[in-house]
Structures are given as C-alpha cells and as structure tokens.
Amino acid sequence: MVALPGDRFFCTKCPDGYYCEDFSMGSLNVQSVPIIAKEGHFVNDQGNRLAQEACPPGTYGQSKGLSTTLCSGLCMKGHFCPLGSIQPHPCRQGYYQSNE
C-alpha cells in the first residue's frame, strides 16, 4: 500500500510559508495543521517552522506565505521599512533614505 500525504501513516513537514504550532493534548505535545504566515511575516525555510517571524527591518512582506528573510523585497529609495512592514512607507518631508 502506498501512503499519500494526508494519510495517517506518517507526518508531513509544514510547507514553505506555513508554520505548525505546538499545543498540548494531555501529556503529549502535538502539532496542528499548517497555518499560513500573515503579511509582514515569513516562516524561515531553514528553521523548524514552529512560528512565523516578522520581516526584518529594511524589508517588507506584501503577501501571505512568505518563506525567506528577504520577504517580498528590500525597501526602495525614498521609503523606510520597520520590523514587520507590509509595505514600504514613504519618508516624510525633510527626510530621506537613499539605499536601493
């Protein structure tokens, strides 16, 4: 018999851009179904996929399910991106950010 994903014969790794939270069930710690990373966050494709992380400063995450620290990309010239940014924020008048 061939085991297919979703069968009860084995466990499947959380997919890229998703995490599987631990929760207690009596004396057991089990993992839930995959949860997609929300905007402004990513799930490290090199990590253990137990939690989402905020996109680092200087990057932004416009979509759900991101899987790298680059998120959706680097903040562009004339904008800034604090921790967990969903989109670049324009610099206010009298300020600048010159990195591409």
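A salt bridge is taken here as a side-chain nitrogen of Lys or Arg within 4 Å of a carboxyl oxygen of Asp or Glu. By this criterion the structure holds one salt bridge. The structure is a predicted model, in which local features need pLDDT of at least 70 and side-chain atom pairs count only at pLDDT 80 or more, while totals for chains, interfaces and linings use all residues. Residues are numbered from 1 along each chain as its sequence is written, and side-chain values use heavy atoms, with hydrogens and water left out.

Confidence was examined through pLDDT, the predictor's confidence in each residue, from 0 to 100. The mean pLDDT of the chain is 84. A value of 70 or more is reached by 78% of the residues. Confidence is lowest in strand 2 (residues 22-25), where the mean is 59. Strand 7 has the highest confidence, at 98.

Secondary structure was assigned from DSSP runs, numbered from the N terminus, with helices as H or I runs of at least four residues and strands as E runs of at least two. The chain has zero helices and ten strands. From the N terminus on, the order of elements is thus given as β-β-β-β-β-β-β-β-β-β.

Burial was classed by relative accessible area: buried is under 20%, exposed is over 50%, and partly exposed lies in between (1.4 Å probe, protein chains only). The chain has 100 residues, and 23% of them count as buried. Its accessible surface comes to about 7100 Å². Carbon and sulfur atoms account for 55% of that surface. These areas come from the Shrake-Rupley method with a 1.4 Å probe; for residues, only the protein chains shown count as cover. Contacts were defined by heavy atoms within 4.5 Å. Among contacts between residues at least 6 apart in sequence, 35% join residues at least 24 apart.

The salt bridge pairs the side chains of Arg49 and Asp16, with an N to O distance of 2.8 Å. Arg49 lies in the loop between strand 5 (41-42) and strand 6 (53-54), and Asp16 in the segment before strand 1 (18-19), so the pair ties together parts that are 33 residues apart in sequence. Side chains of opposite charge can pair when their charged atoms come close. The two partners were also compared by burial. Arg49 is buried, at 7% relative accessibility. Asp16 is partly exposed, with a relative accessible area of 47%.

Asp16 also appears among the contacts of Ser67. Ser67 sits in the loop between strand 7 and strand 8. Its relative accessibility is 19%, and Ser67 counts as buried. With neighbours within four places in sequence left aside, Ser67 contacts Asp16, Gly17, Phe42, Val43, Asn44 and Asp45.

Disulfides were identified as pairs of cysteine sulfur atoms within 2.5 Å. The whole structure contains three disulfides. When the bonded cysteines are numbered in sequence order, the pairing reads 1-2, 3-4, 5-6.

Cys14 and Cys20 form one disulfide, with their sulfur atoms 1.6 Å apart. Cys14 is buried, at 7% relative accessible area. Cys20 is buried as well, at 5%.

Cys55 and Cys71 form another disulfide, with a sulfur separation of 2.1 Å. This pair links distant parts of the chain: Cys55 is in the loop between strand 6 and strand 7, Cys71 in the loop between strand 7 and strand 8, and the two are 16 residues apart. The link of Cys55 and Cys71 is left-handed, with -110° about the S-S bond. Both cysteines of this pair are buried. For Cys71 the relative accessible area is 10%. The loop that holds Cys71 runs between strand 7 (59-60) and strand 8 (73-74). The backbone of Cys71 is also notable for its phi, near 55°, a positive value in a residue other than glycine.

Cys75 and Cys81 form a disulfide with sulfur atoms 2.0 Å apart. Their link is right-handed, with 80° about the S-S bond. Cys75 and Cys81 are both buried.

Cys91 was considered next. Its sulfur is 7.8 Å from the closest cysteine sulfur, in Cys75, which is too far for a bond. Cys91 counts as partly exposed, at 22% relative accessibility.
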